Number of protein chains: 2
Amino acid sequence: MSTRIRPEEGSTAQQILDVAERLVQRQGFNGFSYADIAAEMNLTKPALHYHFSSKAELGEALITRYTARFTAALDAIDAGEVGAPAKLEGYTALYLDVLRNKRMCLCGMLAAEYQTLSPPMRRAVLEFFNRNEAWLAGILDEGRSEGEIGFEGPPGEKAQMIVGTLEGAMLVARPHDDISRFEAVARRLVHELVVHPAGTAAG
Amino acid sequence: MSTRIRPEEGSTAQQILDVAERLVQRQGFNGFSYADIAAEMNLTKPALHYHFSSKAELGEALITRYTARFTAALDAIDAGEVGAPAKLEGYTALYLDVLRNKRMCLCGMLAAEYQTLSPPMRRAVLEFFNRNEAWLAGILDEGRSEGEIGFEGPPGEKAQMIVGTLEGAMLVARPHDDISRFEAVARRLVHELVVHPAGTAAG
DNA sequence: GTCTATAACGAGATAGAC
DNA sequence: GTCTATCTCGTTATAGAC
């Protein structure tokens, strides 16, 4: 069959996912249609249904791929950055990349539309947030143990706050069409976590 | 005419706005239709068009009313609460009320769908955020002068961060169907702002 | 102020040919 | 793997009666 779990690079299925992903991230899952994808790809709607038999199935594939890509990016941060502050900065940079492409986080967008999503799509959205928060909690816990960063309470709770803050900053920055709003929040978020010796002025 | 700027209490127009507001806050502007409102009110679709000739016009009225109500709530906080910490706590309580009704902030939801909105709706959404941030910036500025709260940088920037954090916390709390996630973020947000004498342990 | 009726269009989806 | 043709339904919106 064609609608496989992991479509080939550059395949039609992959191209469909690319176009659909951009549309969802900019207009929402309820803000685009198969016709929009078909028009952009010079395909017909039935051709799309061959690859993804329903819109909900397309949605599931979108979230799964997005989460896999995000997870890979987190692994890359673990491998490439040293110390909690640098890793957290790398994390905020992931969001900044999305915003630079004039997009909202896919799962942040779907979180807004959550009540209208199919059960499988809902599960996939939750999985995305759980993975993010688990990764962040690990970084926070280790960073505090090392004395690199400081915060009160359980790491999991602080991780939830960080995810919420970044998602919210993206959400509000987009209407203002002002990336610097997000950058300011991201900078402040990391800055407030990093332990500063007494007498050290902020940049 | 019936589609007046300020419909009477309990009028059909007001009831339409009540139902539509809930639908938008739960399902998004692109996630409901006139048919949904009509079914719930035992009206017909043309009856709705009599009151709000287009969906975009209904959307404008929704945002305007929501912003007016929110502004009144901010005035009430100014009049009823003493000191920046209490006022900020009152502010987070406004969001909590929305979440308790299983809703997203109207303008947070519309921020996600921003690219699909009419120009008047876009303007109204921006106006909401500007008013919120201006009010918050005033509280933050005064609170810092009084020595009640502490933060670095310009009050306007911190205000943007607070709005983003609360919107994002709502956004993520809803899929998890877990109000306590929001409460934890709100508590932490205020707590981190309040100036604590050295040696004071956190709750 | 609300109705019936309907227009005009777009949505998601299917049958069957090539 | 993609097409033409079509179906069914839902959407926003209007005309005109009551």
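**Two chains and two DNA strands**

A polar side-chain atom of Lys45(A) sits 3.4 Å from a base oxygen of DNA strand C. That's a handy place to drop into this model, which is a predicted one. Stay on chain A and look for His49(A): a polar atom of the His49(A) side chain is 3.3 Å from a base nitrogen of DNA strand C. Now hop over to chain B, where Tyr50(B) has a polar side-chain atom 2.8 Å from a phosphate oxygen of DNA strand C. So far, then, we've met two contacts to bases, from Lys45(A) and His49(A), and one to a phosphate, from Tyr50(B).

Which elements give two or more residues to the surface near DNA strand C? From chain A you get α2 (34-41) and α3 (45-51), and from chain B you get α3 (45-51). The biggest giver is α3(B), with four residues. Zoom out a little and there are 18 residues around this strand, with His49(A), Lys55(A), Thr44(B), Tyr50(B) and His51(B) coming nearest. On the DNA side, 66% of the strand C atoms that come within 4 Å of the protein belong to sugar and phosphate. As for the make-up of the protein surface here, count eight nonpolar residues, eight polar ones and two charged ones.

Now swing round to DNA strand D. This strand has 18 residues around it, and the nearest are Thr44(A), Tyr50(A), His51(A), Lys45(B) and Lys55(B). Sugar and phosphate make up 62% of the strand D atoms that come within 4 Å of the protein. You can see some of that phosphate contact up close. Tyr50(A) puts a side-chain N or O atom 2.6 Å from a phosphate oxygen of DNA strand D, and His51(A) does likewise at 2.7 Å. Chain B joins in through its backbone: a polar backbone atom of Tyr34(B) is 3.0 Å from a phosphate oxygen of strand D. The elements giving two or more residues to this surface are α3 of chain A plus α2 (34-41) and α3 of chain B. The largest share, four residues, comes from α3(A). The residues near strand D split into eight nonpolar, eight polar and two charged.

With the DNA covered, how do the two protein chains meet? Across their interface, 43 residues of chain A are in contact with 43 residues of chain B. Together the chains bury about 3700 Å², and 58% of that is on carbon and sulfur atoms. On the chain A side, Met161(A), Leu171(A) and Arg188(A) supply 18% of the area chain A buries against chain B, more than any other three residues.

Arg188(A) is worth a second look. What does Arg188(A) form a salt bridge with? The partner is Glu157(B), and their closest N and O atoms are 3.2 Å apart. Between the two chains, the salt bridge count comes to six. There are also 13 residue pairs in polar contact across this interface, with both residues at pLDDT 80 or more.

To trace the chain A side of this interface by helix, pick out α1 (12-27), α6 (106-112), α7 (119-145), α8 (155-176) and α9 (179-193), each giving two or more residues. Of these, α8(A) gives the most, with 15 residues. Sorted by type, the chain A residues touching chain B come out as 18 nonpolar, 14 polar and eleven charged.

Conventions
Residues are numbered from 1 along each chain as its sequence is written. Chains are lettered from A and ligands numbered from 1 in the order in which they are written. This is a predicted model: local features need pLDDT of at least 70, side-chain atom pairs count only at pLDDT 80 or more; totals for chains, interfaces and linings use all residues. Side-chain values use heavy atoms; hydrogens and water are left out. A residue is near a molecule or strand if one of its heavy atoms lies within 4 Å of it. A polar contact is a pair of N or O atoms within 3.5 Å; within protein, one must be able to donate a hydrogen and the other to accept it, and residues adjacent in sequence count only if both atoms are side-chain atoms. Ala, Val, Leu, Ile, Met, Phe, Trp, Tyr, Cys and Pro count as nonpolar, Asp, Glu, Lys and Arg as charged, and the others, Gly among them, as polar. Contact means heavy atoms within 4.5 Å. Buried area is the accessible area (1.4 Å probe) that two parts lose on being put together, summed over both. A salt bridge is a side-chain nitrogen of Lys or Arg within 4 Å of a carboxyl oxygen of Asp or Glu.
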